[in-house]
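This report goes through one protein model, from its confidence values to selected side chains. The sequence and the coordinates come first.

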Amino acid sequence: MPRSLSKLIRVSGSDSRRCSMDVIYCDYDHVLHGGALRYRKPPSLRPETSGQTLFQNAPILARLLEPYPDLKIVLSTSWVKELGFARARGYLPQALQQRVVGATFHKRHMRKDEFSNLTRYEQIMADVQRRRPTRWLAIDDDLQGWRPEYALHIVPMPPVLGLSSPAAAPELKRRLAKVFGGVEKFLIHPDLARNAKVQWPDVDLDK
């Protein structure tokens with residue numbers, strides 16, 4: 001275990017009691033949309049890919065999580081480190097915001113440079129060690145350093161399309177059912193399917 005990772009666990013993880021909750025670690029870029037461009041003057045965020053909108057895939061995630069009302073979200077995105085937790089969470093639709101219980105980055109306990117030196121896998125594992133969720137899953141496009149024994153815990157997302165990729169939503173649905181269980185069959189609401197801003201996968205999610 002890298003020294004910086006051990007330090008983050010030790011500093012902010014003195015209470016090692018299991019939190020008795022199911023958690024999904026959620027990245028933003030290349031998951032809920034493609035990349036995002038940040039501008040200082042004036043401060044703004046814009047999609048990196050032409051034709052996309054920021055968080056266009058968020059309704060897909062919200063719908064896939066509906067059968068799991070107790071499932072919580074921990075933000076694993078770099079937006080928290082760059083923009084702050086409250087602002088980063090505020091970009092999500094309300095259905096996802098109300099699930100968010102924290103982030104892998106904690107400015108009160110971590111230095112930004114130490115956190116940035118960790119891979120996304122190490123950042124998530126440090127939080128797993130601190131938070132000790134009952135069951136957990138990560139949605140991310142960054143697969144650097146993921147160990148084989150944790151392969152079940154990561155749902156890889158393709159760059160740019162993220163959850164709007166034809167294969168991504170069905171794979172996440174299957175993995176949610178495998179890790180958290182007890183899923184009931186459901187359909188995409190017609191009102192959401194007609195939303196032109198959402199690139200729905202051209203697949204039957206109920207197969």
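The sections below cover confidence, the sheet, two helices, the aromatic pairs and two loop residues.

## Confidence

The structure is a predicted model. Its mean pLDDT is 81, and 74% of the residues reach 70 or more. Over residues 184-188 the pLDDT is below 50, and this stretch has 13 contacts in the model beyond near neighbours in sequence. Residues 192-207 also have a pLDDT below 50. Beyond near neighbours in sequence, the stretch 192-207 has 33 contacts in the model.

## The sheet

Five strands make up an open sheet, and their order is β5-β4-β1-β6-β7. The pairing is parallel. At the edges are β5 (100-103) and β7, each of which pairs on one side only. From one strand to the next, the twist averages 25 degrees.

Strand β1 (residues 22-26) is joined to β6 by five bridges, and the two run parallel. Within this pairing, V23 stands opposite W136 in β6, and C26 has I139 of β6 as its bridge partner. Strand β1 also runs parallel to β4, to which four bridges join it. Here the bridge partner of Y25 is V74 in β4.

## Burial of strand β1

How many of the five residues of β1 are buried? Five of the five are, so the strand is largely enclosed by the rest of the structure. The cut-off behind this is a relative accessible area under 20%.

The side to which each residue points can also be given. D22, I24 and C26 point one way from β1. V23 and Y25 point the other way. Residues of both groups are buried.

## Helices α7 and α2

Helix α7 (residues 120-131) lies across β1, β4 (72-75), β5 and β6. Relative to β6, helix α7 runs at about 160 degrees.

Helix α2 (58-65) follows the loop that starts after β3 (44-47). This helix is mostly covered, with seven of its eight residues buried. The buried residues in α2 are A58, I60, L61, A62, R63, L64 and L65. An α-helix has 3.6 residues a turn, so residues three or four places apart point the same way.

## Aromatic pairs

A search of the whole structure finds twelve aromatic pairs. One of them joins F55 and W79, whose ring centres are 5.3 Å apart. The ring planes of F55 and W79 stand at 85 degrees, so this pair is edge-to-face. Because F55 lies in the loop between β3 and α2 and W79 in helix α3 (residues 79-83), the pair ties together parts that are 24 residues apart in sequence.

Are F55 and W79 buried or exposed? F55 counts as buried because its relative accessibility is 8%, and W79 counts as buried because its relative accessibility is 0%. Elsewhere, Y25, Y121, W136, W146 and Y150 form one aromatic cluster.

## Q52 in the loop before α2

Q52 lies in the loop between β3 and α2. Its relative accessible area is 12%, so Q52 is buried. Leaving aside neighbours within four places in sequence, Q52 is in contact with H33, G34, P47 and V160.

Which backbone atoms does the side chain of Q52 reach? A polar atom of this side chain lies 2.8 Å from the backbone nitrogen of G34. The side chain of Q52 also reaches the backbone oxygen of V160, at 3.2 Å. As for A36, which is 16 residues from Q52 along the chain, the C-alpha atoms of the two are separated by 10.0 Å.

## H153 in the loop before β7

H153 is found in the loop between β6 (135-140) and β7 (154-156). Its side chain reaches the backbone oxygen of W136 at 2.8 Å. Not counting residues up to four places away in sequence, H153 touches W136, L137, A138 and R175.

W136 therefore appears in several places: opposite V23, in the aromatic cluster and in contact with H153.

Definitions and conventions
Residues numbered from 1 in each chain as written. Predicted model: local features only at pLDDT ≥ 70, side-chain atom pairs only at ≥ 80, totals over all residues. Heavy atoms only, no water. Buried < 20%, exposed > 50% of the residue type's maximum accessible area, 1.4 Å probe, protein only. Contact = heavy atoms within 4.5 Å. Polar contact = N/O pair within 3.5 Å; in protein donor to acceptor, adjacent residues only side chain to side chain. pLDDT = per-residue confidence, 0-100. Phe/Tyr/Trp six-rings, centres within 6.5 Å; stacked < 30°, edge-to-face > 60°. Pairing = 2+ DSSP bridges. Axes fitted to C-alpha atoms, helices over the stretch in contact; angles between N-to-C directions.
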